[in-house]
Amino acid sequence: MPLGFVKSLFRDVVDLLYPTTCAACDVFVDGAGPLCPKCADDLYKQENEPACPACAMPLGQHGDPCPYCEGKGEPNFERIVRLGVYSDPIRHLVYRMKYHGRWSLAEFFADRLIEQERVKALLTETDCLIPVPLHRWRQIGRGYNQADVLARRLSKQTGKDPCVAYPLVRVRNTEAQIRVRARSKREENLKQAFGLTDAAAIEGKHVVIVDDVMTTGATLQSVARTLKQGKPASLSAIVIAIADPKRRDFELM
Ligand SMILES: [Zn+2]
Ligand SMILES: [Zn+2]
C-alpha cells in the first residue's frame, strides 16, 4: 500500500474521530481552522471597523473625530490599539481562551494583531511589552496568563524582539470585578492592586502594556499609574478587544 494513501487514510480516520470545530461557533470545519469561514469573515470585519487611533473607541466612519477622547487619547496613554470591539466572534474566543484552557487562542489573537498596520506601527517604536499580571492564585488555577502568552507571541512575531518584561506584581486579587458594578467601587477595588518590583526594567523605555480586554479601562489605568513610578519614556497599550462603550456597566472576570 502506498505510504501517501496510508497517511491520508489515517488523516481521514483522525478527522472522523476528532473533527475540527470552529473555535467560535462549533460548526465542523475543513482545514486548519481555528475558525469557520463565516466566523473568519466576521472577525475580519470586526478588525476593520473604524476606531479612534488614540483611544481605540469605535467611530462611525474612518477619520471621524473621536467623541470619547477628542483626539487626546486616554489619560496616561499615548495610544491604545485593539483588534476589535468585544462582541462575537471575538467575545466567544476570549471566553474560551480564558476559561476553557485554550491558551493557543492567545497566540492566534497575537498573529491577527500583528497583521494590523496600527499594531505594527506601534511595535516598531516599542522597547518593552508588559503583560498585565494575574494574581498568583488566579494564575495557578488557570495554568497560564493569557496576557503573557499574547505578549510573548507579539514580541516573537515582530522580528525586532521587543523584550517582554515583568516589572509588576498583582498584590490584590481584583479580577473578580464582575460583582463590583458601581464604577467608583470598581476603581476603589483597583487602587494599589499592582506593585512595581523592577523600576529599572522600564526607566526611559517606550512601554506597551498588553491585556486581553479593556472594559472600563480601570485596570489599565491602575497599571499605568504604577508603571509611571518607574519613569518610562512613554506608555501605550495593546488589547484584543475593548468593550462596546454602550455596554460598559460591567467589568469582566
Ligand atoms: Zn464559526
Ligand atoms: Zn478617541
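Trainee: Let's start with C36. Where is the place of C36?

Mentor: This is a predicted model, so keep that in mind as we go. C36 sits in the loop that links α1 (3-17) and α2 (37-47).

Trainee: How do I read burial there: is C36 buried or exposed?

Mentor: Look at relative accessible area; under 20% counts as buried. C36 comes out at 5%, so it's buried.

Trainee: And which residues is C36 in contact with, leaving aside its neighbours within four places in sequence?

Mentor: That list is C22, C25, V27 and V29. You can also check C-alpha distances: C36 and D26 are 10 residues apart along the chain, with 8.5 Å between those atoms.

Trainee: On to the metal. What are the protein donors of the zinc ion (ligand 2)?

Mentor: Four SG atoms, from C52, C55, C66 and C69, at 2.2 to 2.3 Å from the zinc ion (ligand 2). Along the chain, their spacing reads C-x2-C-x10-C-x2-C.

Trainee: Why is the arrangement around the zinc ion (ligand 2) called tetrahedral?

Mentor: Go by the angles, which must all lie between 85 and 135 degrees for four donors. Here the 4 donor atoms subtend 106 to 113 degrees, so the arrangement is tetrahedral. Two of the donor residues are buried as well: C66 at 8% relative accessibility and C69 at 7%.

Trainee: Last one, strands. How many residues of strand β1 (residues 80-85) are buried?

Mentor: In general, side chains in a regular strand alternate between the two faces of the sheet. In β1, 6 of the 6 residues are buried, so the strand is largely enclosed by the rest of the structure.

Trainee: Which strand do 5 bridges join to β1?

Mentor: That's β7 (residues 234-242), and the two run parallel. For one pair to find on screen, try G84, whose bridge partner in β7 is A241.

Technical notes: Residues numbered from 1 in each chain as written. Chains lettered and ligands numbered in written order. Predicted model: local features only at pLDDT ≥ 70, side-chain atom pairs only at ≥ 80, totals over all residues. Heavy atoms only, no water. Helix = DSSP H or I, 4+ residues; strand = E, 2+ residues; numbered from the N terminus. Buried < 20%, exposed > 50% of the residue type's maximum accessible area, 1.4 Å probe, protein only. Contact = heavy atoms within 4.5 Å. Donors = N, O, S within 2.8 Å, 3.2 Å for Na, K, Ca; no water. Tetrahedral: all angles 85-135°; square planar, octahedral: opposite > 155°, others 65-115°. Pairing = 2+ DSSP bridges.
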